[in-house]
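Hi there,

Here is the structure I promised to pass on to you. Have a look at it first, and then read on for what turned up.

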Amino acid sequence: MTQSGVAFGTSGARGLVTAMTDAVCFAYTVGYLRHLSTLGEFAPGTPVAVAGDLRPSTPRILRACVAAIRHMEGEPVFCGYVPTPALCLHAFAQGYPSLMVTGSHIPADRNGIKFNRARGEFLKSDEAAMRTLDVDLPEGWFDADGALVAPVELPELTDVVPGYVARYRAFFGADALSGLRLGVYQHSAVGRDVLVRVVEALGGTAVPLGRAESFIPVDTEAVRPEDAALARDWAADGTLDAILTTDGDSDRPLLADAQGNWLRGDVLGILAARFLGAAAVTTPVSSNTALEKSGFARDVRRTRIGSPFVVAAMTDAAEAGITPSVGYEANGGFLLATDIGKDGRTLHALPTRDAVLPMLCALVAARREKTGLAALVATLPPRFTLSDRLENMPTAQSLAEIGKLASHPAEGAMALGFIRTPEDLAHVDQTDGLRMTFANGEIIHLRPSGNAPELRVYVEADTQARAAELLRTGIDAVSVWKDRGA
């Protein structure tokens, strides 16, 4: 793992496509299956579901994973190029492992493999155990560059999309979106056609927009300026009630109101949790604090960033009897630890990120209230979060700089221009990175990305304008760290 440069991030193994050779991906998959065998979740003959996103490198990596499954005498089940939650819904229901070849929202020169257990996500404890294993590659299978020597054919397609669409039609109803005209920004998301099917299955009118032939790295936490402009342009004629899209593997949502303003994922998470009547809500420390201020959830748990941490904490809440128990991330991905009952219908648990559920919750809530999304958001306490990233910032350098700042946070925050006096720093949280809360209630949170060489900057303030100003201040301040390492 160290030599290849392919390592576990916040959501599976990630690395440059050039580093993710067939041999490396094969070894990771063998290690994954060997770990599952110690848990009783894999043995010869066990089905293993696989799927992938639309990156150019994904088919090759999928074939390497399938070769590894066959080498371990498992039975690969090819679910196609579909959303990660659609793959998980099928595999969890069947009770067998699954893996998704995806780099999510990161650029196409990188990719990854997200591993799942038989009925839930691969947790950090699973990663730690897998790291201890020794894996031998079969002799003669790979050339000097790590490419498979013999061709590998993918199995016949198992179509998991109908079950995924039916899940939401059954819970929300066939007329839940009736009367709504919804733009679907398709770019290169693997679920771009699935999202159209979901909208139409619930009675809405879907208007496909912006379909791309090449991969576009849409990040739901750091919306590109061009995507912000596209949404405003599409909304300009006033004929759309909202615009929907997702990230690359379609487990993170991005929803815009009728004016083309993209909603923050953590705001969408609050709306969805409230609509579903959640008693326990788990979310990372970086998410909007309007959750606590809303007061509808009697149990709120804050975690490190990454779905495995959210899964673990929301599962603990469920086991403590605090139900319904849900979770969401700042990127909008929504998770269900327990079943949800509403209006005489039941939505079964899906303990992995999903993009469709939170968008439908917000749209249906707005429709029932006979108002738009903007008015629905306005019912929340006025707290505004924004985030951006400092690209090409080595993780080791980010950690070193944040470590120095954490050792003397007040002095460091003053040197960066965040505060004027030590008394202006009210609280420091090191749950994940360094989160500084100031005396006026504003927040700046610095954290290295777990998936790419980027430094993430999160901010929160009482107005949108102030949050934007604070984000510029934060990005400009930490840019000097990058200059020091140049």
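Start with phenylalanine 172: not counting neighbours within four places in sequence, its contacts are Leu202, Phe275, Arg345, Leu357, Leu360, Cys361 and Val364. Keep in mind as you explore that this is a predicted model. Phe172 also belongs to the largest nonpolar core, which has 70 residues. Together with Tyr168, Leu177, Leu255, Leu276, Phe334 and Leu357, Phe172 is among the residues that touch the most other members of that core. Which helix gives the most to this core? That is α11, residues 356-368, with ten residues. A second core, separate from this one, has 36 residues, including Val50, Cys65, Ala67 and Leu148. As background, nonpolar side chains tend to be buried together in soluble globular proteins.

Now zoom out to the whole chain. You will find 15 helices and 22 strands in it. The C-alpha trace spans about 65 × 55 × 45 Å along its principal axes. The radius of gyration is 22 Å, which agrees with the value near 23 Å that a compact globule of 486 residues would have. Of those 486 residues, 60% are buried. If you take the contacts with a separation of 6 or more, 68% of them are between residues 24 or more positions apart. The accessible surface comes to about 18400 Å², and carbon and sulfur atoms account for 51% of it.

Helix α7, residues 225-235, is a nice one to rotate on your screen. Its buried residues are Asp227, Ala228, Ala231, Trp234 and Ala235. They sit on the same side of α7, because the arc they cover around the axis is only 130°. Which exposed residues are carried by the face turned away from that buried side? They are Pro225 and Asp233. The cover over the buried residues of α7 includes β7 (181-187), β8 (205-211) and β9.

Strand β9 also leads to the next stop. Aspartate 247 is in the loop between β9 (242-246) and β10 (253-256). Is Asp247 buried or exposed? Aspartate 247 counts as buried, because its relative accessibility is 0%. The side chain of Asp247 reaches two backbone nitrogens: that of serine 250 at 3.1 Å, and that of aspartate 251, which lies 3.1 Å from a polar side-chain atom of Asp247. Leaving out residues up to four places away in sequence, Asp247 touches Ser104, His105, His187, Ala189, Val218, Thr220 and Arg252.

Two serines from this part of the story have backbone angles to look at. Most residues other than glycine have a negative phi, and most peptide bonds are trans. Serine 250 has a positive phi, near 60°, and it lies in the loop between β9 and β10. With a relative accessible area of 3%, Ser250 is buried. Serine 104, one of the residues that Asp247 touches, also has a positive phi, of about 60°. Ser104 lies in the loop between β5 (98-101) and β6 (110-116). Why does Ser104 count as buried? Its relative accessible area is 1%, and buried means under 20%.

There is a peptide bond to check too. Threonine 323 and proline 324 are joined by a cis peptide bond, with omega about -5°. Pro324 is in the loop between α10 (307-319) and β13 (325-328).

The last stop is histidine 348, in the loop between β16 (345-347) and β17 (350-354). His348 counts as partly exposed, because its relative accessibility is 49% and exposed means over 50%. Setting aside neighbours within four places in sequence, His348 is in contact with Arg167, Leu336 and Asp339. The side chains of His348 and Asp339 are joined by a polar contact of 3.3 Å. For another landmark, look at alanine 337: it is eleven residues from His348 along the chain, and their C-alpha atoms are separated by 9.0 Å.

Enjoy exploring, and write back with any questions!

Best wishes

Definitions and conventions
Residues are numbered from 1 along each chain as its sequence is written. This is a predicted model: local features need pLDDT of at least 70, side-chain atom pairs count only at pLDDT 80 or more; totals for chains, interfaces and linings use all residues. Side-chain values use heavy atoms; hydrogens and water are left out. Helices (H or I, at least four residues) and strands (E, at least two) are DSSP runs, numbered from the N terminus. Buried means under 20% relative accessible area, exposed over 50%, partly exposed in between (1.4 Å probe, protein chains only). Contact means heavy atoms within 4.5 Å. A polar contact is a pair of N or O atoms within 3.5 Å; within protein, one must be able to donate a hydrogen and the other to accept it, and residues adjacent in sequence count only if both atoms are side-chain atoms. The arc is that of the directions from the helix axis to the C-beta atoms. The radius of gyration is taken over C-alpha atoms; the globule rule is 2.2 Å times the number of residues to the power 0.38. Accessible areas come from the Shrake-Rupley method with a 1.4 Å probe; for residues, only the protein chains shown count as cover. A nonpolar core is a set of buried Ala, Val, Leu, Ile, Met, Phe, Trp, Tyr and Cys residues joined through side-chain atoms within 4.5 Å.
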